[in-house]
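Some terms in structural biology sound loose until you ask what stands behind them. Take a look at this model, then test a few of them.

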Amino acid sequence: AGQPEKAPPAHHTGKRTRASNTTNTTTTMAQEAAAVDAGAQVAAEEEAIDLGPMPVQRLEGNGISTGDIKKLREAGLNTVESVAHSTRKRLVAIKGVSDAKADKLLEQAAKLVDMGFQTATDVYAQRKEIVQISTGSKELDKLLGGGLETGSITEIFGEFRTGKTQLCHQLCVTCQLAFDMGGGEGRALYIDTEGTFRPERLLAIADRYGLDGNDVLDNVAYARAYNSDHQNTLLDQAAQMMAESHFALLVVDSCTALYRTDYSGRGELAARQMHLAQFLRSLQRLADEYGVAVVMTNQVVAQVDGGSMFAADPKKPIGGNIVAHASTTRLYLRKGRGETRICKIYDSPCLPESEATFAILADGIGDPRD
């Protein structure tokens, strides 16, 4: 009875009783405090792991070797979720993965990733935790219900000079801001297919928010895509980077430009749409697994059918139904007076069809100045 009480395990949360041996009380309290601090740190780390994607290394064991994990990573599968969401056909297509091994991988991944039914209450609770990234314009944020939603694909389309690329540059900076400032506290990844990326714009926008320009540039990973196949390959590299560091935003500007030149004529239309669908599916997979906001710009084409003569605006986005169904939210930009632009909710599962006016300013996207 005279011995000092042992420090409880790190996860113990109950109240502790005073030890009867007062000579060791101070030492015991220090040990307990250290144990609680260590336990809190471990709990925080475990919670962070639970909230983020699980590294594919957690599948190792139960018949899955280190070599198998290496093959998965080389194929662009860096998380347990990416394996669980893959088809058996895709896994078997990986060099060195047999039918039996594919079944084992799917079986082990299914034990770690819950892919069954859940109540609408659970989904609603998850939706309330979704981070939204500010566009820099209060009117535009209000239109979007707070900003651009993470974990989904937002398509921005319109004619040239309507602010598509400017909005992408703005988001590359605001995604780095703190949550309470409308940011995502993460890095940005920018895939440029048209050669319109300009770091100088990022520096001007960074000054507006009082951020260090060099830090802002360091937190944006940029790649130029030269053809549609290269565009797909860059997504595999993006997945690997997201598995190693926290990203809040992925920009593809634009998603269809290279497809317009790599595939021409009606004879290649089916092949183009199939390749484009695979690219968009990869984008959705990244949004699902890493919770990043995916923003892709799109070009428009003039309608030349009979119905266009009765339409108020005869322009429509490229890509047809493939792109339309892949995008969660579609935003249509058009020119206003002077520096102002008008954004219209073209399609959204939860936002009403309405418009907002914003301006392209020297320090980024903002509200029009009267």
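The questions below take descriptive words and check them against their cut-offs; the model is a predicted one.

Q: Why is Q237 called partly exposed?
A: The class between buried and exposed runs from 20% to 50% relative accessible area. Q237 has 43% relative accessibility, so it counts as partly exposed. Q237 sits in helix α11, residues 228-244.

Q: How far is Q237 from G76, in sequence and in space?
A: They are 161 residues apart in sequence. Their C-alpha atoms are 7.5 Å apart in space.

Q: What makes strand β10 largely enclosed?
A: A residue is buried at under 20% relative accessible area. Five of the seven residues of β10 (329-335) are buried, so the rest of the structure largely encloses this strand. In the protein, buried residues make up 42% of the 370 residues.

Q: How do you know that β10 pairs with β3 and with β11?
A: Pairing needs at least two bridges. β3 (residues 153-158) and β10 have five, in the parallel sense. One of the matches is E155 with R330 in β10. β10 and β11 (residues 340-347) have six, in the antiparallel sense. There, L331 stands opposite I345. Both counts meet the cut-off, so both pairs qualify.

Q: What links β10 to β11 in the hairpin?
A: Four residues lie between the two strands. G338, in the turn, has a positive phi of about 60 degrees.

Q: Why are β5 and β13 called edge strands?
A: The sheet is open and has nine strands, in the order β5-β4-β6-β7-β3-β10-β11-β12-β13, with mixed pairing. β5 (220-224) and β13 (364-366) each pair on one side only. The twist averages 25 degrees from one strand to the next.

Q: How do you know that β4 and β6 pair?
A: At least two bridges are required. Six join β4 (residues 187-192) to β6 (residues 247-253), so the pair qualifies. The two strands run parallel. Y190 has V251 as its bridge partner in β6.

Q: Which strands does helix α9 lie across?
A: Helix α9 (residues 199-208) lies across β5, β12 (355-361) and β13. It runs at about 50 degrees to β13.

Q: What makes a group of residues a nonpolar core, and how many residues does the largest one have?
A: Members must be buried residues of the nonpolar set, joined through side-chain atoms within 4.5 Å. The largest such core has 32 residues. C172, L249 and V295 have the most contacts inside it. Helix α8 (residues 164-174) gives the most to this core, with five residues. A second, separate core has 29 residues, including I153, L250, V323 and A326.

Q: Which residues does C172 touch, beyond its neighbours within four places in sequence?
A: Contact means heavy atoms within 4.5 Å. C172 is in contact with A188, Y190, L202, V220, L249 and V251.

Q: How do you know that α13 has close to the expected span?
A: The expected value is 1.5 Å times one less than the number of residues. Helix α13 (residues 269-290) has 22 residues, and 32 Å is expected. It reaches 32 Å from its first C-alpha to its last, so the span fits. G291 follows α13 and has a positive phi, near 70 degrees.

Technical notes. Residues numbered from 1 in each chain as written. Predicted model: local features only at pLDDT ≥ 70, side-chain atom pairs only at ≥ 80, totals over all residues. Heavy atoms only, no water. Buried < 20%, exposed > 50% of the residue type's maximum accessible area, 1.4 Å probe, protein only. Axes fitted to C-alpha atoms, helices over the stretch in contact; angles between N-to-C directions.
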